[in-house]
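Work through the exercises below with the sequence and the model at hand, and try each task before reading its solution.

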Amino acid sequence: MEWTKEQRYRSMDDVTDEEIQGLARLVDQCPWRQTFHIQPVTGLLNDPNGFAYFNGEYHLFYQWFPLGPVHGLKHWYHTKSKDLVHWENVGLAIEPSNEFDSHGAYSGSAIEHNGKLFLLYTGNTRDENWNRHPYQCLAVMDEDGKVTKLDAPVIANVPEGYTEHFRDPKVWKAGDEFYTVIGAQRENETGCVVFYRSHNLRDWQFAGEMKTELGEDFGYMWECPDYFELDGQGVFVFSPQGLEPEGDFYQNIYQSGYVVGRSLDLETGELSHGAFHELDRGFDFYAPQTTVDAQGRRILVGWMGLPEIDYPTDKNGWAHCLTLPRELSVRDGKLIQEPVAELELLRGEKVEGSGVLANDYLPLEGFEGEVYELNVEFSGSSAAEFGVELRVGEGEKTVIKYDAVAKKVVFDRTHSGQAFAEEYGTVRKCSLEAETISFRIFVDASSVEVFVNDGEEVFTGRIFPGKNSTGIRIFAHGGETNVKAVKWDMEK
Ligand code: FRU
């Protein structure tokens, strides 16, 4: 169904409770509702926003269009958690309501200041000719979770030299000063990031463009920038649009990645850094955001989805979820991403299996399911390839394997179930050389997240298998390998 502008930009004030209940009933009938991921009650979720540890809890907001699985009038939806794994739906946090955010409360971030949580976000507006005019707006959440918007934007103009694609402020504090990076497009239609500084989060001074070493033309727009320091290095994360596929790289419609280098020079904007790396080598990952928690951990959450792609849940009136939280560290100029330790709290019943496997499947007892964590380690291998098949059923399987000849990890969803986004291919690959290969795999009703070799690489993908496709098989071809496998059911 094509959605009209009127349908996409309807105010929630005009929507009745019955209508919302009707939408919720349609969503509830969906066979692919997730069980341990943050997902919208109805409608479409996209970017994680305002991720922060505040007042003893983790707060995580997301971009939300409540009325259907399309991009329309965006709100901020609020969720919170004490442990990063059990999340509570709090409700609407920021509603587009005035001339500075009339066409969407777009992405932004949060920072604690004077005992309150300050939410800096982009107010998206459109004029009568449908031209975009972005404003950077501020809302303040108090200890009771009450959110109050400021009457006027804190950054009202796009600086000279940049187009109206100017959004997604990510704020941080260095010394006594606040900084924000903002995703931007230069007038020559190349992507970049600018930054601002402020003493009080209300008055912002333009500080120029961040000077990276990525060249003048690295995509046409950079969305959702994030800058932080970790393990003594400067890390710049962003989501560039417009990179062409290159071998196994940049296979999705849009990318998300990072560079690691020296700390950003806050006077000159200079950032010297190493190569650009994609954060996730799978299919469905975009617009991540990080925060630092009370223990000093740098934690990242991404949108498990991409714009401009139809998903099988659309017909049930909802789309997308957030990824599991990942703890970051830096090793040899790359980010290591590990699932946060608290995920172990979700572990239920456990089964184990091990053996030496040659040209066969490992005999495994009790290995099956729809929702689980599965850890498999392959060592001492002479096999040409080995791996795991999961959500196996009639004509269906999702394959995670290591091709020891090409030295690549492979995630194959060609036969995962209901097909979608096939124009972007159904296989993702990533080079990796190691003696031992381990897969830590989180399987929810319609997603797979694979952490390879303790977070050296991550592959995320939605899959839409049949309910009866619950098989798990571990295999090796063309030689031998030692295998150790452990599986836990996930607490519902
Ligand atoms: C990224 C993005 C952001 C924007 C938001 C709108 O997915 O396009 O740049 O703020 O989504 O929902």
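The exercises go from the whole chain to sheets, single residues and the surroundings of the ligand.

The model is predicted, with local features requiring pLDDT of at least 70 and side-chain atom pairs counting only at pLDDT 80 or more, while totals for chains, interfaces and linings use all residues. Residues are numbered from 1 along each chain as its sequence is written.

**Exercise 1. The chain as a whole**

Task: Describe the secondary structure of the chain, and state why its radius of gyration agrees with that of a compact globule.

Solution: Begin with the secondary structure, which comes to 2 helices and 32 strands; helices (H or I, at least four residues) and strands (E, at least two) are DSSP runs, numbered from the N terminus. Next take the radius of gyration, which is computed over C-alpha atoms, the globule rule being 2.2 Å times the number of residues to the power 0.38. For 492 residues a compact globule would have a value near 23 Å, and the chain has 22 Å, which agrees. The C-alpha trace spans about 65 × 55 × 40 Å along its principal axes. Finally, 47% of the 492 residues count as buried, a residue being buried if 20 or more other C-beta atoms lie within 10 Å of its own, exposed if 12 or fewer, and partly exposed in between, with C-beta atoms placed from the backbone.

**Exercise 2. The annotated spans**

Task: Find which residues UniProt lists for the two glycosyl hydrolase family 32 features, and give the strand content of each span.

Solution: The unreviewed UniProt entry places "domain: Glycosyl hydrolase family 32 N-terminal" at residues 37-339, a span that is 0% helix and 53% strand, with its end C-alpha atoms 13 Å apart. The feature "domain: Glycosyl hydrolase family 32 C-terminal" is listed by UniProt, again in an unreviewed entry, at residues 343-486; this span is 0% helix and 60% strand, and its end C-alpha atoms lie 15 Å apart. UniProt positions are given in the numbering used here, feature names are shortened, and annotations may be inferred rather than shown by experiment.

**Exercise 3. Two open sheets**

Task: Establish the strand order of the sheet of 5 strands and of the sheet of 4 strands, and identify the edge strands of each.

Solution: Two strands pair if DSSP finds at least two bridges between them. On that basis, the open sheet of 5 strands has the order β4-β3-β2-β1-β19, with mixed pairing. Strands β4 (87-94) and β19 (318-319) each have a single partner strand and stand at the edges, so one side of each is left without a neighbour in the sheet. Within this sheet, β3 (residues 75-81) runs antiparallel to β4 and is joined to it by 6 bridges, and Thr79 stands opposite Asn89 in β4.

The open sheet of 4 strands is antiparallel in its pairing and has the order β13-β14-β15-β16. Its edge strands are β13 and β16 (277-278), each pairing on one side only. Between β14 (residues 233-241) and β15 (residues 257-261) there are 5 bridges, and Val235 has Val260 in β15 as its bridge partner.

**Exercise 4. Two residues with positive phi**

Task: Determine whether Leu201 is buried or exposed, and do likewise for Asp332.

Solution: Most residues other than glycine have a negative phi, and most peptide bonds are trans. Leu201, in the loop between β11 (191-198) and β12 (205-209), has a positive phi near 75 degrees; with 20 other C-beta atoms within 10 Å, Leu201 is buried. Asp332, in the loop between β21 (326-331) and β22 (334-339), has a positive phi of about 50 degrees, but Asp332 is exposed, with 7 other C-beta atoms within 10 Å.

**Exercise 5. The shell around the ligand**

Task: State how many residues surround the ligand, and which elements give two or more residues to the shell.

Solution: A residue counts as near a molecule if its C-beta atom, placed from the backbone, lies within 6 Å of it. The ligand is surrounded by 14 residues, the closest being Gln63, Tyr106, Ser107, Glu223 and Ala287. The elements that contribute two or more are β1 (43-54), β5 (105-113), β9 (162-174), β13 (221-230) and β17 (286-292).
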